[in-house]
Amino acid sequence: MRIAMFTETFLPSTDGIVTRLRATLNYLEQEGHEVLMFAPSGAPAKYASATIVGIPAMPFILYPEKRYALPLPRIGRAIKRFQPDLIHAVNPAFLGLGGIYYAWRYHLPLIASYHTNVPAYARHYKLNFLEPALWWYFRTLHNRADINLATSRATMNELEKQGFLNLGLWERGVDVELFQQAKRSTEMRRRLAPKAGPNDPVLLYVGRLASEKNIERIRPCLDEFPDLHLAIVGDGPYRRDLEQIFAGTNAHFTGYMHGAELAEAYASADAFLFPSTTETLGLVLFEAMATGLPVLAADSPPTREVLENGRAGFIFDSSSDTAMIECVRQLLTDDERRRAIQQRGLEIAKTLDWEGPSRQLLEHYEAVCKAHKLVPRPVQSGTR
């Protein structure tokens, strides 16, 4: 099968979308499929079996580290040469418009996947008046697709309420082998929390440093528990503000970590704290669970889904500092519940390697081709 993908973000960026795409491309290569990916410039020319066409990009005003590209005529020429069986628009917003247009122009099956809850960002930035317009925009784009994929049932329910059609699920995944094999390291622990004593608890946050992630809400916990340390792994436009907010506390900023280094960071902390309520899934929660870390997370529909309404993690009211502090207190003092949460997290993570979600996506591809009465090209011989 030949698949043309359009994505608003890819390497060298680091986020949940890129993690999912990398796992997907590796699987599609293993299964013998060809991919032509259009992504903002700066990405490698090849990844797995994918040829990547970089499109000139510019910084987005809200996130200078994020670069967004607009469709150019060269895309149409590349599509015509490649002759894809279908088009997949990943999180269409800017560049993804090209995928939607060329699917229409060449009468190709179109799949769109929804990964970022941008309308919720509008609420966070006190731009509530933009929320209806944003929902209209994304609904208009997605409803051109044969299938609209959501990455959690909670998100799928929200999209259904907002009038999105032809909904399907593209489930969660994690690199189980990488994270479950990670070992606790004294050296890594010193990197995460240079001031921590051998018995001081270390909380971990992993992700992009942006205002809507609510990372500053963790500060009262550090004020309440003098021996508590916070390691903030990641980077982004809000880092300078956060460094000022956490000045004088036991918080330490490490910048981005990747691969085995990141897995070791998870394994070397004592708990994972996730204050964001704007995620459509939160892959970092599964990474933490796979390394055996107990998770504390702000309440939201996707978080309740991931943490099984509290069975697999501590859940707190995101609007209450007192609730977060009490959650941390339970983590530190309730050994029985903490162990139960760790055990359930490990049980869940064992079932979440990327092969399942990637195979599920391939089944969606095959379904839209069948609906269009198209016969996809056979996979390359000898690759299965």
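## Helix packing

H1 passes H16 in a right-handed crossing. This description, like those that follow, refers to a predicted model. The axes of H1 and helix H16, which spans residues 355-371, approach to within 9 Å and cross at roughly 70°. Angles of 65 to 115 degrees count as roughly perpendicular, and H1 and H16 are therefore roughly perpendicular to each other.

A further crossing involves helix H12 (residues 283-290) and helix H15 (residues 335-349), whose axes come within 8 Å and cross at roughly 110°. H12 and H15 are therefore also described as roughly perpendicular to each other. The crossing of H12 and H15 is left-handed, whereas that of H1 and H16 is right-handed. Two packed helices are described by the angle between their axes and the distance between the axes.

## Backbone features in loops

The peptide bond between leucine 11 and proline 12 is cis, with omega at about 10°. Proline 12 belongs to the loop that connects strand E1 (2-7) to helix H1 (16-30). The loop with this cis bond thus leads into H1, the helix that crosses H16 at roughly 70°.

Positive phi values occur at glutamine 83 and at asparagine 309, neither of which is a glycine. For glutamine 83, phi is near 50°. Glutamine 83 is placed in the loop between helix H2 (73-82) and strand E7 (86-90), and its relative accessibility of 48% makes it partly exposed. For asparagine 309, phi is about 55°. Asparagine 309 sits in the loop running from helix H13 (301-306) to strand E16 (314-316). Because exposed means over 50% relative accessible area, asparagine 309 counts as exposed at 62%, while glutamine 83 at 48% is partly exposed.

## The cavity

Rolling a probe the size of a water molecule over the atoms shows where empty space is left. The structure holds 1 cavity of 30 Å³ or more. The space in the largest cavity amounts to about 30 Å³.

Which residues line the largest cavity? The lining consists of Asn214, Arg217, Pro275, Ala298, Phe316, Ser318 and Met324. By class, the lining of the largest cavity comprises 4 nonpolar residues, 2 polar residues and 1 charged residue.

## The second largest pocket

The second largest pocket contains about 380 Å³ of space. Its lining is made up of 21 residues, and those nearest the centre of the pocket are Asn117, Arg123, Thr277, Pro301 and Pro302. The residues of this lining divide into 10 polar, 6 charged and 5 nonpolar.

Which helix gives the most to the lining of the second largest pocket? Helix H6 does, with 5 residues. At least two lining residues each come from helix H4 (118-124), helix H5 (131-142), helix H6 (153-161) and H13. H13 is also the helix that precedes the loop holding asparagine 309.

## Residues in strands and in helix H11

Isoleucine 232 is located in strand E12, which covers residues 229-233. With a relative accessibility of 0%, isoleucine 232 counts as buried. The C-alpha atoms of isoleucine 232 and phenylalanine 253 lie 4.9 Å apart in space, with these positions 21 residues apart in sequence numbering. Valine 206 is found in strand E11 (residues 202-206). Valine 206 is likewise buried, at 8% relative accessibility. From valine 206 to arginine 172, 34 residues away along the chain, the C-alpha separation is 18 Å.

Is glutamate 264 buried or partly exposed? Glutamate 264 is partly exposed, with a relative accessible area of 29%; buried would require a value under 20%. Glutamate 264 is part of helix H11 (residues 259-268). Glutamate 264 and leucine 11 are 253 residues apart along the chain, and their C-alpha atoms are separated by 22 Å. Leucine 11 is the residue joined to proline 12 by the cis peptide bond.

Conventions:
Residues are numbered from 1 along each chain as its sequence is written. This is a predicted model: local features need pLDDT of at least 70, side-chain atom pairs count only at pLDDT 80 or more; totals for chains, interfaces and linings use all residues. Side-chain values use heavy atoms; hydrogens and water are left out. Helices (H or I, at least four residues) and strands (E, at least two) are DSSP runs, numbered from the N terminus. Buried means under 20% relative accessible area, exposed over 50%, partly exposed in between (1.4 Å probe, protein chains only). On a 1 Å grid over the protein atoms alone, a cavity is a set of points where a 1.4 Å probe fits but cannot get out, and a pocket is an open set with protein on both sides within 12 Å along at least five of seven lines; lining residues have an atom within 4 Å of a point. Grid points are joined across faces, edges and corners, and a volume is the space filled by probe spheres set on the points. Ala, Val, Leu, Ile, Met, Phe, Trp, Tyr, Cys and Pro count as nonpolar, Asp, Glu, Lys and Arg as charged, and the others, Gly among them, as polar. Axes are lines fitted to C-alpha atoms, for helices over the stretch in contact, and angles run from 0 to 180 degrees between N-to-C directions. Angles under 35 degrees count as roughly parallel, over 145 as roughly antiparallel, 65 to 115 as roughly perpendicular and the rest as oblique. A crossing is left-handed if the near helix is turned anticlockwise from the far one by less than a right angle, and right-handed if clockwise.
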